[in-house]
Amino acid sequence: MFNSVLDTPFFSDIEISDRAFVESLFIERIYRKYQVVFYQNDPANEMFVVKSGKLKIFREDDHNEIVLGHQFPGESIGELEAIHHDNHRLASVAAIENSVLWMIRKPDLEQLMSLYPSLLRKFFFVMAERLRQADSKISYLAFLDARFRVVNLLLDLHTNFGTKAEDGILIDWKITQTHFANMIGISRESAARTLQELQKERIISIKDKYITILNLSALQEMSGQIQQSQNLREWHSTYRYDTNIL
């Protein structure tokens with residue numbers, strides 16, 4: 001958790017001349033687990049920076065949810081719509097655990113950008129990161145095979161949350177099968193069945209919702225046409241996270 005919004009990666013490399021003034025533009029907001037921060041098509045009148053907790057970016061269609069991405073402590077959310085002329089949210093955002101966000105209203109954000117134009121460069125960087133993530137998501141969803149999607153998501157999770165363990169590589173993120181399935185656009189039943197098959201093949205193991213990769217090379221061979229480097233599988237290339245609860 002960060003003590004000041006100015007200590008987050010969002011403000012890294014930006015020299016702030018009046019910290020107290022900039023900090024005064026941000027208001028802390030508390031969101032409980034599962035609480036929605038904003039919905040798709042809502043007016044985009046604020047930007048947020050995550051102080052603590054974790055968020056999911058998602059869309060819903062006929063009660064089916066697809067998770068487009070996640071935001072972790074130190075990251076911003078809602079900044080692009082807040083500065084875009086359309087001024088409407090492109091997707092919904094909700095807390096996946098109790099979270100605290102710093103919020104800045106659009107007029108104050110515009111004032112901040114006037115004082116520190118280098119923030120615009122940061123916005124472009126964020127947009128490029130999200131486009132890269134969207135490209136990977138589209139590549140996965142272009143294939144209907146559930147096993148293919150599961151395997152590639154496991155490799156993504158390995159890149160972003162993998163830690164060495166006695167019996168393999170632990171994905172240090174406690175994740176439900178429902179959330180796992182929503183990340184790749186398949187049913188919970190399909191996700192559970194595929195994960196169970198991979199367990200029987202001794203490629204992964206699952207205990208208390210934690211996944212351990214037992215045979216990384218086998219997963220990589222199964223990844224099909226998406227032979228991405230580890231860097232391309234990083235969800236956010238600028239920093240790492242500690243995500244223990246979902």
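In the predicted model, one aromatic cluster is formed by F10, F11, F26 and F123. The structure as a whole holds seven aromatic pairs. One of these joins F10 and F123 in a tilted arrangement, with 5.8 Å from centre to centre and 40° between the planes. The two rings come from distant parts of the chain: F10 belongs to the segment before α1 and F123 to helix α4, at a separation of 113 residues. F10 has a relative accessible area of 3% and is buried; F123, at 2%, is buried as well. Another pair, F11 with F26, is edge-to-face, with a centre-to-centre distance of 6.0 Å and an angle of 80° between the planes. F11 lies in the segment before α1, whereas F26 lies in the loop between α1 and β1, 15 residues apart. Both F11 and F26 are buried.

The segment before α1 also takes part in a charged contact. D7, located in that segment, is 12 residues from R19 in helix α1 (19–24), and the side chains of D7 and R19 meet in a salt bridge with an N to O distance of 3.3 Å. D7 is classed as partly exposed because its relative accessibility of 43% falls between the limits of 20% and 50%. R19 is likewise partly exposed, with a relative accessible area of 38%. Through shared partners, salt bridges join D7, R19 and E23 into one network.

A search of the whole structure finds 10 salt bridges. Among them is the contact of E28 with K51, where N and O are 2.6 Å apart. This salt bridge links strand β1 (residues 27–31), which holds E28, to strand β3 (residues 46–52), which holds K51, across 23 residues of the chain. The two partners fall into separate accessibility classes: E28 is partly exposed at 44%, while K51 is buried at 11%. A further salt bridge is formed by the side chains of E201 and R147, at 2.8 Å from N to O. E201 is placed in the loop between α7 (188–200) and β11 (204–207), and R147 in helix α5 (residues 146–161), 54 residues apart. Both ends of this contact are partly exposed, with relative accessibilities of 39% for E201 and 26% for R147.

Strands β1 and β3 are also members of an open sheet of four strands, which has the order β1-β8-β3-β6 and antiparallel pairing. β1 and β6 (76–77) occupy the edges; each has a single partner strand, so one side of each is left without a neighbour in the sheet. The pairing of β1 with strand β8 (residues 99–105) is antiparallel and extends over five bridges. Within this pairing, Y31 stands opposite S99 of β8.

The largest pocket has a volume of about 770 Å³. Its lining consists of 32 residues, and those nearest the centre of the pocket are I57, L80, E81, L90 and R130. Two or more lining residues are supplied by each of β4 (55–61), β5 (64–71), α2 (79–83) and α4 (118–141). The greatest contribution comes from α4, with 11 residues. Helix α4 is also the element that holds F123 of the tilted aromatic pair. By class, the lining comprises 17 nonpolar, nine polar and six charged residues.

Definitions and conventions: Residues are numbered from 1 along each chain as its sequence is written. This is a predicted model: local features need pLDDT of at least 70, side-chain atom pairs count only at pLDDT 80 or more; totals for chains, interfaces and linings use all residues. Side-chain values use heavy atoms; hydrogens and water are left out. A salt bridge is a side-chain nitrogen of Lys or Arg within 4 Å of a carboxyl oxygen of Asp or Glu. Buried means under 20% relative accessible area, exposed over 50%, partly exposed in between (1.4 Å probe, protein chains only). On a 1 Å grid over the protein atoms alone, a cavity is a set of points where a 1.4 Å probe fits but cannot get out, and a pocket is an open set with protein on both sides within 12 Å along at least five of seven lines; lining residues have an atom within 4 Å of a point. Grid points are joined across faces, edges and corners, and a volume is the space filled by probe spheres set on the points. Ala, Val, Leu, Ile, Met, Phe, Trp, Tyr, Cys and Pro count as nonpolar, Asp, Glu, Lys and Arg as charged, and the others, Gly among them, as polar. Two strands pair if DSSP finds at least two bridges between them. Rings of Phe, Tyr and Trp (its six-membered ring) pair if their centres lie within 6.5 Å; planes under 30 degrees apart count as stacked, over 60 as edge-to-face and the rest as tilted.
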